[in-house]
Amino acid sequence: MGYVLIFLTVFASSVKSYCSKQISNTIETTRDAIRLNIIRNALCCSISALIFFFNGQNNFFDFSPAEFCICLISGSSMAIFVVCWTLAMKTDAYMLVSACGSGSFIIPCIFGLFLLNERFTLFKFISFA
């Protein structure tokens with residue numbers, strides 16, 4: 001099942017990249033990029049909420065303070081990322097932006113090994129490859 005999820009992730013990322021490149025041609029200012037990404041993320045949140053509620057989950061806001069802080073930091077980072085990424089896609093650096101985005105997984109992997117005592121398994125190695 002993990003390989004199917006990896007394939008779907010790569011496919012969805014490719015579609016997102018293509019659409020983002022097409023959309024980036026229409027933006028002119030940082031304000032346009034922020035507005036665009038607010039709309040795009042609102043759609044993502046709506047779809048996620050539908051999936052969540054159709055799965056019968058009822059503990060939506062059952063977070064510890066540490067988990068809430070992690071979500072806050074993650075959400076803030078994602079907001080900065082999508083605006084900067086959209087503006088970078090507007091330039092001719094499409095492949096560089098895509099390659100750097102793809103390669104950025106290495107940093108959390110290294111931190112996970114040392115700070116979270118994660119094990120490096122064969123499945124993880126195959127996934128990285």
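These are review notes on a predicted model, working from the whole chain down to single residues.

1. **Overall make-up.** The chain has six helices and zero strands. Read from the N terminus, the order of elements is α-α-α-α-α-α. Along the principal axes, the C-alpha atoms fill a box of roughly 45 × 35 × 30 Å.

2. **Burial and surface.** The chain has 129 residues, and 12% of them count as buried. The exposed area is about 10,200 Å². Carbon and sulfur atoms supply 73% of that area.

3. **Contacts along the sequence.** Take the contacts in the chain with a separation of 6 or more. Residues 24 or more positions apart account for 69% of them.

4. **Helix H2, length.** H2 covers residues 30-54. Its 25 residues should span 36 Å at 1.5 Å a residue, because the expected span is 1.5 Å times one less than the number of residues. The end C-alpha atoms are 36 Å apart, which agrees. After H2 comes Gly 56, with a positive phi near 75°.

5. **Helix H2, packing.** The buried residues here are Ala 33, Asn 37, Arg 40 and Phe 52. They pack against two helices: H1 (2-24) and H3 (65-90).

6. **Arg 40.** This residue of H2 deserves a separate look. Arg 40 is buried yet has no salt bridge. Where is the nearest side chain of opposite charge? It belongs to Asp 32, 14 Å away. A salt bridge needs a side-chain nitrogen within 4 Å of a carboxyl oxygen. Leaving aside neighbours within four places in sequence, Arg 40 is in contact with Ser 20, Val 82 and Thr 86. Ser 20 falls in the range of H1 (2-24), while Val 82 and Thr 86 fall in that of H3 (65-90).

7. **Cysteines.** How many disulfides are there? The count comes to zero. For Cys 44, the closest cysteine sulfur is in Cys 45, 6.9 Å away. That is too far for a bond, because a disulfide requires sulfur atoms within 2.5 Å. Cys 69 is in no disulfide either; the nearest cysteine sulfur, in Cys 71, is 9.4 Å away.

8. **Cysteine exposure.** Are Cys 44 and Cys 69 buried or exposed? Cys 44 has 41% relative accessibility, so it counts as partly exposed. Cys 69 is partly exposed too, with a relative accessible area of 42%. Both values lie between the cut-offs of 20% for buried and 50% for exposed.

Conventions. Residues are numbered from 1 along each chain as its sequence is written. This is a predicted model: local features need pLDDT of at least 70, side-chain atom pairs count only at pLDDT 80 or more; totals for chains, interfaces and linings use all residues. Side-chain values use heavy atoms; hydrogens and water are left out. Helices (H or I, at least four residues) and strands (E, at least two) are DSSP runs, numbered from the N terminus. Buried means under 20% relative accessible area, exposed over 50%, partly exposed in between (1.4 Å probe, protein chains only). Lys and Arg count as positive and Asp and Glu as negative; His and the chain ends are not counted. Contact means heavy atoms within 4.5 Å. Accessible areas come from the Shrake-Rupley method with a 1.4 Å probe; for residues, only the protein chains shown count as cover.
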